[in-house]
Each structure stands twice: as structure tokens, then as C-alpha cells.
Amino acid sequence: MPEYLIDTQVYGELIQAGFRRSGHYTYRPCCGDCQACLSVRVNVSTFAPKRAQRRAWKQHRHLTATQHALHYKPAHYALYQRYQAKRHLGGGMDNDGHEPYHNFLLQSHVNSKLIEFHERDELRMVSIIDVLPDGLSSVYTFFDPDVASASFGTYNILWQIERCRELGLTYLYLGYWIKGNRKMGYKANFQPLEILIDGQWQQLDSSHFS
């Protein structure tokens, strides 16, 4: 999609149709006969956390979250590099320099925010979100990979769900999900999950994702 045509309102309509944003690029997978990439979202009014998720919330609720405009900070980039090296080694993003990092996370034509999560004076997590007319879109999150027994990723999604409720928004958009993909499997833990199939959002139970 031409970037000059995209603003928050337009992107809010596009994400409902299965599009996603990466920096200034707005796209939707189109792979011939393959339709494995499916858009998923959480309706925050029907979501109820599981026991493990409640534990993650309790474990990390002492983190201090602060909201900022998109900006570069060396501490963010250093945390991003550590996260990629520990969690996604060989995934193609573990060698990202400053320019790919900036293009991926710090460029936007929509209402995007950078959320810092601190534990006292230690930066533990950074999350990029888009604030859209009907919900939040979870763009990307990276966190300290060296804290033993932490559940930062789970806590972050729970935080975003709670933020939707605070803002009176209906959905948390989690991007694409591929059945059987281990790195995307965490999205199926946030039930009930809505999935876009043949242009219609449908609520599916956990049996569909197993």
C-alpha cells in the first residue's frame, strides 16, 4: 500500500481486513494457494485469563510502564540486540543494525506509541503499539532474556488487554498466526480468540488451535 495513503483511520480499516504494518509498509500475505497466515485478535470484553496468566500478571505487576512517542535510545537498541541473540538466533533479525531496527520499529504513519517497562531503574521490556479506532495493535515487543523464570511476554499481552479496557477499545490485534508454528503458538493461549477467515471474523475455541 502506498505509504502516503495510510493514516490511523485508514490503517484501522485495513487491519480489520487482515493487513499489518511494518514500519512504513502496510501489507497482507498473498501466497498462491497457501492461506496459512491468519489474522487474530482478542475481544477484551470476553477474555478471561488462565491460571498461568494470572500468575504472570501477579509476578510482574510491579513493573512501571511509561508511554512515549517513537524514538531511538541506545538502551532500547542494546536490549533489542540481546533479545534477538537469545530468543531468535539465526532468525534473520539477530544481526539487525541501526537502520533495519529504525525502519522496522521507529517509523510509522499512524498513532504509534513506545512503552517502556522498568523494574526500579532497570529497563526490562519495550513494546511498540498502534492506537487504532477500535483497538490496539501489538506491533512488537522485546524484553530482557536473562531474567530467570520471567514471563515478560505473557505479562505484556495482559497489560495491552488491560490498556484496551482503560481506553474503552474493543480489540487487541495480535497479527498473524500460523497453526503449528512454535514461535506463534503463544497467541492461541489468549482465549477466546477471534480469527479472520474468508473475510469474516469468527470466534474459535481452543480446540481449533491444538
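Which strands does helix 3 lie across, and at about what angle does helix 3 run to strand 7? In this predicted model, helix 3 (residues 74-87) lies across strand 5, strand 6 (122-131) and strand 7 (135-143), and runs at about 75 degrees to strand 7. Helices (H or I, at least four residues) and strands (E, at least two) are DSSP runs that are numbered from the N terminus, while axes are lines fitted to C-alpha atoms, for helices over the stretch in contact, with angles running from 0 to 180 degrees between N-to-C directions. Residues are numbered from 1 along each chain as its sequence is written. Because the model is predicted, local features need pLDDT of at least 70 and side-chain atom pairs count only at pLDDT 80 or more, whereas totals for chains, interfaces and linings use all residues, and side-chain values use heavy atoms, with hydrogens and water left out.

**The sheet**

- Strands of a sheet pair through backbone hydrogen bonds, either parallel or antiparallel.
- Here an open sheet of 8 strands has the order 4-5-6-7-8-3-9-10 with mixed pairing, where two strands pair if DSSP finds at least two bridges between them.
- Strand 4 (64-68) and strand 10 (200-204) stand at the edges, and each has a single partner strand, so one side of each is left without a neighbour in the sheet.
- On average, and with direction ignored, neighbouring strands of this sheet are turned by 35 degrees against each other.
- At one edge, strand 4 pairs with strand 5 (residues 112-119) in the antiparallel sense over 5 bridges, and T64 has H118 in strand 5 as its bridge partner.
- At the other edge, strand 9 and strand 10 run antiparallel and are joined by 5 bridges, with Q203 in strand 10 as the bridge partner of E194.
- Strand 9 and strand 10 form a hairpin with 2 residues between them, and D198 in the turn has a positive phi of about 50 degrees.

**Helix 3 against helix 4**

- The axes of helix 3 and helix 4 (residues 98-105) come within 12 Å and cross at roughly 100 degrees.
- That crossing makes helix 3 roughly perpendicular to helix 4, a description used for angles of 65 to 115 degrees, whereas angles under 35 count as roughly parallel, those over 145 as roughly antiparallel and the rest as oblique.
- H76, Y77 and Y80 of helix 3 make the contact with H98, Y101, F104 and L105 of helix 4, where contact means heavy atoms within 4.5 Å.
- By class, this contact has 5 nonpolar, 2 polar and no charged residues, where Ala, Val, Leu, Ile, Met, Phe, Trp, Tyr, Cys and Pro count as nonpolar, Asp, Glu, Lys and Arg as charged, and the others, Gly among them, as polar.

**Pockets and a cavity**

- On a 1 Å grid over the protein atoms alone, a cavity is a set of points where a 1.4 Å probe fits but cannot get out, and a pocket is an open set with protein on both sides within 12 Å along at least five of seven lines; lining residues have an atom within 4 Å of a point.
- The largest pocket holds about 1,200 Å³ of space, where grid points are joined across faces, edges and corners, and a volume is the space filled by probe spheres set on the points.
- Its lining has 38 residues, of which Y83, H88, Y140, K183 and Y186 lie nearest the centre of the pocket.
- Helix 5 gives the most to the lining of the largest pocket, with 6 residues, and by class that lining has 15 nonpolar, 15 polar and 8 charged residues.
- The second largest pocket has a volume of about 440 Å³, and of the 18 residues that line this pocket, R28, P29, Q35, C37 and L38 lie nearest its centre.
- A search of the whole structure finds 1 cavity of 30 Å³ or more, and the largest cavity holds about 40 Å³ of space.
- Residues lining the largest cavity include I15, F19, Y173 and W201, and strand 3 and strand 8 each supply at least two residues of this lining.

**Backbone details**

- Most residues other than glycine have a negative phi, and most peptide bonds are trans.
- R120, in the loop between strand 5 and strand 6, has a positive phi of about 55 degrees although it is not a glycine.
- The peptide bond from Q191 to P192 is cis, with omega near -5 degrees, and P192 is found in the loop between strand 8 and strand 9.
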